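Please look at the structure shown here and follow the report below, which goes from single helix pairs to whole chains.

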Amino acid sequence: MSTPALIGLLLAVGIVTYLYRYSMIGLFASRSLPGWLHALCRHIAPASFAALTASALFVHGGEVSIALDAPKPWAALIAALVAWRTRSVLATIGAGMAALYLFKFLL
Amino acid sequence: MAHPGRTKRGEFLAGCRDEAPLQLGVLPFGMLYGIGALAAGMPAWLAQLASAIVFAGAAQLVIVQMLTAAAGALPIGLTASLLNLRHVLYSASVADYVRHLPRRWRLLLAYLLTDEAYAVAILRYQSTRPDVADGKPAPAGDLGHWYFLGCGFTLWACWQLSTAAGLLFGATIPPEWDIDFAVPLTFIALLTLLLRERAGQAAALAAALGALAFATLPYKLGLVGAILLGLVAGVWASRRGERNEEMGKEGGR
């Protein structure tokens, strides 16, 4: 993406985010938000992270490729196991990167 | 309840102090964002500026990951905007405590209303003003906004500094080290922390499958479709869970 386009994108996201933050303390008086908004917000983060991870692991140049000799999915599997056992973000990243280097060397 | 003897400076510093321990968790994310932004090809000055303009960790990491995947501006903007929607909930939650403040204060505090600053400030508000209600005037001498400012300022400063540290550090990492892979690894770590309830698991699974099913759509618009599919699945699973619970109750009667 060109730098001017990126600046425009970041400004747009920044403005939208600021409007969210200012919405209920400056723009609208109503403070009881509908329950579905709470429910929706609970699922947005898991859905986004899962979609982006699946895409990073199995989509290359707009095509799905699931190969047994690709190092990244295996490294991600190790990382997921470490994340599940330790619940630590840093340990997950450390284990995942170490596994990636190992599998790149082996596969 | 006003705190006699408390000063603006004292409240501000108390906010800084209570926010400080959380920075241990914020720092790696800021650095990771800085490192990932460089690896995704963002100019360093713009990556730093984005930490001030967007000022939302998860959204900034998502933007970096989507830039790495060569996504178009529209899907990136939609995804980041969706991910930040939760700030409306925070805004509603603090509204009663800050409504009496002059507009310039509300404009400033809105800018500082992030996950970690909200988490600390709302605890303090709930304990010092439990009787808050719409239209009820704030107690005389209420200085809660100085505490909030202390929380927000501490987080803001840490986010900017950790971004800068990540940019400086990232510039020394050779591209063949695949450091950009640390961003999806972070998502994996966050997913395992988030996926406690079945509805969330359904949302994540549907979104992941959707990302593969819609992979051929241009500009990575398939990612937006995948997230929406995940939301539908999540809401559907929540409803189903509630209904099963009700049926279980009736069955036991």
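## A helix pair across the two chains

In this predicted model, α1(A) and α3(B) are roughly parallel to each other, because angles under 35 degrees count as roughly parallel and the axes of these two helices cross at roughly 15 degrees. Helix α1 of chain A covers residues 3-27, helix α3 of chain B covers residues 44-53, and their axes come within 9 Å. The crossing in which α1(A) passes α3(B) is right-handed.

On the side of α1(A), the contact is made by T3(A), L6(A), I7(A), L10(A), L11(A) and G14(A), while α3(B) brings W45(B), L46(B), A50(B) and I53(B) to it. When the residues of this contact between α1(A) and α3(B) are sorted by class, 8 are nonpolar and 2 are polar, and there are no charged residues.

## The same helix of chain B, seen from within its chain

Helix α3(B) also has a partner in its own chain, since the axes of α3(B) and α9(B) come within 9 Å and cross at roughly 160 degrees. That angle makes α3(B) roughly antiparallel to α9(B), and the crossing of α3(B) past α9(B) is right-handed.

Here α3(B) contributes A44(B), A47(B), Q48(B), S51(B) and A52(B), and these residues meet W156(B), W159(B), Q160(B), T163(B), A164(B) and L167(B) of α9(B). The contact of α3(B) with α9(B) has 7 nonpolar and 4 polar residues, with no charged residues.

## A second partner for α9(B)

Helix α9 of chain B, which covers residues 144-170, also packs with helix α1 of chain B, residues 8-19, at an angle of about 40 degrees and with the two axes 7 Å apart. The angle makes α1(B) oblique to α9(B), and the crossing of α1(B) and α9(B) is right-handed.

From α1(B), the residues K8(B), E11(B), F12(B), A14(B), G15(B), C16(B), D18(B) and E19(B) take part, and they meet G144(B), W146(B), Y147(B), L149(B), G150(B), C151(B), F153(B), T154(B) and L155(B) in α9(B). In the contact of α1(B) with α9(B), the residues divide into 9 nonpolar, 4 polar and 4 charged.

## Chain B as a whole

How many helices and strands are there in chain B? Chain B has 12 helices and 0 strands, so its pattern, read along the sequence, is simply α-α-α-α-α-α-α-α-α-α-α-α. The C-alpha trace of chain B spans about 65 × 60 × 30 Å along its principal axes.

Chain B is divided into domain 1, residues 8-177, and domain 2, residues 195-252. The centres of domain 1 and domain 2 of chain B, taken over C-alpha atoms, are separated by 28 Å. In the contact between the two, 10 residues of domain 1 of chain B touch 8 residues of domain 2 of chain B, and together domain 1 and domain 2 of chain B bury about 620 Å² between them, 86% of it on carbon and sulfur atoms.

## The interface of chain B with chain A

The size of an interface is often given as the accessible area lost when the parts come together. For chain B and chain A, the area buried between them is about 6600 Å², and carbon and sulfur atoms give 76% of this area. Three residues, L89(B), F181(B) and L212(B), supply 9% of the area that chain B buries against chain A, which is more than any other three residues. Counted by residues, 88 residues of chain B are in contact with 63 residues of chain A.

Key. Residues are numbered from 1 along each chain as its sequence is written. Chains are lettered from A and ligands numbered from 1 in the order in which they are written. This is a predicted model: local features need pLDDT of at least 70, side-chain atom pairs count only at pLDDT 80 or more; totals for chains, interfaces and linings use all residues. Side-chain values use heavy atoms; hydrogens and water are left out. Axes are lines fitted to C-alpha atoms, for helices over the stretch in contact, and angles run from 0 to 180 degrees between N-to-C directions. Helices (H or I, at least four residues) and strands (E, at least two) are DSSP runs, numbered from the N terminus. Angles under 35 degrees count as roughly parallel, over 145 as roughly antiparallel, 65 to 115 as roughly perpendicular and the rest as oblique. A crossing is left-handed if the near helix is turned anticlockwise from the far one by less than a right angle, and right-handed if clockwise. Contact means heavy atoms within 4.5 Å. Ala, Val, Leu, Ile, Met, Phe, Trp, Tyr, Cys and Pro count as nonpolar, Asp, Glu, Lys and Arg as charged, and the others, Gly among them, as polar. Domain bounds come from an automatic or database domain assignment. Buried area is the accessible area (1.4 Å probe) that two parts lose on being put together, summed over both.
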